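Here is the note on the model, set out as numbered points. Please read each point with the coordinates open beside it.

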Amino acid sequence: MSDTPEQTLLEALLDSWDRNNAILVNLLRALPEGGLEARAMEGSPSLAETFTHIHYVRLVFVFEDAPEFAREPPKEEWVAERDPGRIAQMLNDSAVAVRDAVKGRLQAGRDMDLHYDHPVLLLQHMLWHEGYHHGQIKLALKLAGRPMTDEEAGPITWDIWMNKTSK
């Protein structure tokens with residue numbers, strides 16, 4: 001890729017997506033024992049279900065908006081998967097699908113098929129959606145008596161956003 005301003009901006013946007021996924025997977029891996037079963041309140045999705053919902057949403061929107069980059073969406077949206085390693089792999093796979101869809105449609109100069117006025121809006125929607133659920137996850141842990149301290153969360157979340165990468 002050349003270093004045109006457009007390419008540099010695209011790489012920064014895609015880097016923000018990669019960092020978002022790293023933060024989400026870090027949060028998953030930092031859950032205390034039994035954390036996947038935590039809920040914000042009775043009747044709310046478990047944290048396992050929340051993570052699989054995020055994976056599902058990513059794949060459904062790619063399927064609907066850029067099907068050439070789609071993976072088969074899961075049959076169910078809110079799955080209580082108990083294996084954090086399996087959930088991490090799902091999140092990493094669906095993150096690549098979103099990344100590829102946005103990059104591919106931008107490079108091809110193509111609009112999205114169903115939603116969004118611009119491919120970047122898919123990325124922005126996913127970031128907003130996942131930030132919303134990130135807050136829910138941390139709240140559910142707190143309400144379950146298993147809060148994540150700032151000292152625990154900082155290096156695996158905020159630092160990922162703010163630290164410059166070496167080039």
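1. A residue is called buried under 20% relative accessible area and exposed over 50%, with partly exposed in between. At 26% relative accessibility, G34 therefore counts as partly exposed. This residue sits in the loop between α1 (5-29) and α2, and although G34 and R146 are 112 residues apart in sequence, their C-alpha atoms are 9.7 Å apart in space. Please keep in mind throughout that this is a predicted model.

2. On the overall fold, the chain has six helices and zero strands, so that reading along the sequence gives the pattern α-α-α-α-α-α. The C-alpha trace spans about 50 × 40 × 25 Å along its principal axes. Does the radius of gyration agree or disagree with that of a compact globule? For 167 residues such a globule would have a radius of gyration near 15 Å, and the chain, with 17 Å, agrees with this.

3. On packing and surface, buried residues make up 42% of the 167 residues in the chain. Of the contacts with a separation of 6 or more, 74% are accounted for by residues 24 or more positions apart. The accessible surface comes to about 9300 Å², and 54% of that surface belongs to carbon and sulfur atoms.

4. On charge, the chain carries 17 positive and 27 negative side chains, and the centres of these two sets lie 3 Å apart.

5. On aromatic side chains, the count comes to two aromatic pairs. One of them joins F61 and Y116, whose ring centres are 6.1 Å apart with 50 degrees between the planes, an arrangement that counts as tilted. This pair links distant parts of the chain, since F61 belongs to helix α2 (residues 47-65) while Y116 lies in the loop between α3 (84-108) and α4 (119-143), 55 residues away. Both F61 and Y116 are buried.

6. The other pair is formed by W128 and Y132, which are stacked, with 6.3 Å from centre to centre and 15 degrees between the planes. What separates W128 and Y132 along helix α4? They are four residues apart in that helix, which means that about one helical turn separates them. As for their surroundings, W128 is exposed because its relative accessible area of 64% is over the 50% cut-off, whereas Y132, at 45% relative accessibility, counts as partly exposed.

7. The backbone of Y116 deserves a separate entry. This residue, placed in the loop between α3 and α4, has a positive phi of about 70 degrees although it is not a glycine. A reader who inspects the loop will find that Y116 is also the buried partner of F61.

8. Finally, I156 is placed in helix α5 (residues 150-156). Which residues does I156 contact, leaving aside its neighbours within four places in sequence? The contacts of I156 are with I23, N26, L27, A30 and M148. Among these, I23, N26 and L27 fall within helix α1, which covers residues 5-29. I156 and A22 are 134 residues apart in sequence, yet their C-alpha atoms are 8.4 Å apart in space.

Key: Residues are numbered from 1 along each chain as its sequence is written. This is a predicted model: local features need pLDDT of at least 70, side-chain atom pairs count only at pLDDT 80 or more; totals for chains, interfaces and linings use all residues. Side-chain values use heavy atoms; hydrogens and water are left out. Helices (H or I, at least four residues) and strands (E, at least two) are DSSP runs, numbered from the N terminus. The radius of gyration is taken over C-alpha atoms; the globule rule is 2.2 Å times the number of residues to the power 0.38. Buried means under 20% relative accessible area, exposed over 50%, partly exposed in between (1.4 Å probe, protein chains only). Contact means heavy atoms within 4.5 Å. Accessible areas come from the Shrake-Rupley method with a 1.4 Å probe; for residues, only the protein chains shown count as cover. Lys and Arg count as positive and Asp and Glu as negative; His and the chain ends are not counted. The place of a charge is taken as NZ of Lys, CZ of Arg, CG of Asp or CD of Glu. Rings of Phe, Tyr and Trp (its six-membered ring) pair if their centres lie within 6.5 Å; planes under 30 degrees apart count as stacked, over 60 as edge-to-face and the rest as tilted.
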